Amino acid sequence: MMMRRLIPLLCATLLAACAGAPQKPSAGSAAKSGADDNLNAVAWTQTAVEHDLILRETYKVAREKLAAALADASWDALPHDERDAPPKNLPPAVILDIDETVLDNSPYQARLVRDGGVYNEVTWAQWCREASAKALPGAVDFTRHAHAQGVAVFYLSNRAKDLDGVTLANLRNAGLPVDSADRFLGLGTVVPGCEQVGTEKGCRRRLIGEHHRVLMQFGDQIGDFVDVLANTPAGRTAVVAPYLDWFGDRWFVLPNPTYGSWEPALFNNDWSLPQAQREAAKRAALRTN
Ligand SMILES: [Mg+2]
């Protein structure tokens with residue numbers, strides 16, 4: 001029991017900065033190789049029209065489903081264990097992750113590729129303070145439509161809470177609806193009576209669910225939908241298995257090949273490993289048949 005609790009906690013702790021913000025390599029890792037890893041991923045994100053089309057079609061489907069979600073009082077998009085009572089009669093809401101879900105931070109990744117750098121919290125915070133990230137395709141149309149239908153729009157992000165001012169400014173600059181500052185729930189949001197596991201978002205989802213029926217969730221990481229307590233390829237597959245029917249109806253996943261918890265899942269979430277060892281573990285995970 002102890003180990004079963006320790007392992008998820010360890011994984012969750014090591015996931016810090018991964019769920020809502022870019023990857024977290026060790027400070028001493030070989031920068032050049034790490035950045036080169038991202039060239040194709042960033043180029044695809046920024047230049048492939050396929051990227052934009054996937055975003056558009058996802059938000060379009062969500063918009064089309066919103067009316068049915070609003071009309072069905074039993075429709076709820078929170079994981080089963082994150083709500084104590086049925087949400088009937090609560091006002092409707094949608095929950096969206098921010099980074100690579102509504103805001104496009106690929107220029108930050110492109111700078112890392114250009115400069116041979118790797119993610120770190122200082123340069124990430126500098127990028128966030130520029131408040132210049134553009135909205136991803138489809139995001140403004142969907143969120144404005146939901147807002148116009150009387151649906152509360154929440155932004156649940158693992159951006160640090162002290163980036164709240166610049167984050168709210170960026171959301172508004174990008175044309176996304178923000179009713180009030182408390183629509184942004186960053187890392188560090190205190191949820192009384194709920195013990196947050198690592199950087200997982202469950203407590204903050206629960207907080208939103210106390211006063212709202214959650215119609216839909218959007219994210220580029222599975223942790224944006226449900227707490228991930230074992231960040232291994234098998235654990236990630238298992239945690240979404242009970243909800244497969246919800247994807248495309250209540251949960252909407254967006255592509256992010258540049259970073260995410262899928263990557264450290266391939267090297268046991270151990271960013272302290274030398275870069276060459278992390279790369280070897282990723283290579284070992286490739287299928288050739
Ligand atoms: Mg994200």
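Buried means under 20% relative accessible area. Keep that cut-off handy for the close-ups below, which all come from a predicted model.

**View 1. E82, a loop residue, and its contacts.** Let's start with E82, which sits in the loop between α4 and β1 (92–96). Is E82 buried or exposed? Its relative accessibility is 6%, so E82 counts as buried. Which residues does E82 touch, once we skip those up to four places away in sequence? They are G202, R205, R206 and D227. Hang on to G202 and R205, because both turn up again in View 2 as buried residues of α9, and buried means under 20% relative accessible area.

**View 2. Helix α9 lying across four strands.** Here we look at helix α9, made of residues 202–211. This helix lies across β1, β4, β5 and β6 (213–219), and runs at about 160° to β4. Which residues of α9 are buried? You can pick out G202, C203, R204, R205, I208 and G209. And what covers them? The cover includes those strands again: β1, β4, β5 and β6.

**View 3. The open sheet of five strands.** Now for the sheet itself. In what order do its strands come? Reading across, you get β5-β4-β1-β6-β7, with parallel pairing. β5 (184–187) and β7 (251–253) are at the edges and have a single partner strand each, so each has one side with no neighbour in the sheet. On average, neighbouring strands of this sheet are turned by 20° against each other, ignoring direction.

**View 4. Zooming in on β1 and β4.** Take one pair from that sheet: β1 and strand β4 (residues 152–160) run parallel. How many bridges join them? There are four. To get your bearings, find L96 and look for Y155 in β4, which stands opposite L96.

**View 5. Helices α4 and α7 side by side.** Two packed helices are described by the angle between their axes and the distance between the axes. For helix α4 (residues 49–71) and helix α7 (residues 139–148), the axes come within 9 Å and cross at roughly 15°. That makes α4 roughly parallel to α7. The crossing of α4 past α7 is left-handed. Who makes the contact? On the α4 side it's Y59, A62, R63 and L66, while α7 brings A139, D141, F142, H145 and A146. Sort the residues of this contact by type and you find six nonpolar, one polar and two charged.

Conventions. Residues are numbered from 1 along each chain as its sequence is written. This is a predicted model: local features need pLDDT of at least 70, side-chain atom pairs count only at pLDDT 80 or more; totals for chains, interfaces and linings use all residues. Side-chain values use heavy atoms; hydrogens and water are left out. Axes are lines fitted to C-alpha atoms, for helices over the stretch in contact, and angles run from 0 to 180 degrees between N-to-C directions. Angles under 35 degrees count as roughly parallel, over 145 as roughly antiparallel, 65 to 115 as roughly perpendicular and the rest as oblique. A crossing is left-handed if the near helix is turned anticlockwise from the far one by less than a right angle, and right-handed if clockwise. Contact means heavy atoms within 4.5 Å. Ala, Val, Leu, Ile, Met, Phe, Trp, Tyr, Cys and Pro count as nonpolar, Asp, Glu, Lys and Arg as charged, and the others, Gly among them, as polar. Buried means under 20% relative accessible area, exposed over 50%, partly exposed in between (1.4 Å probe, protein chains only). Two strands pair if DSSP finds at least two bridges between them.
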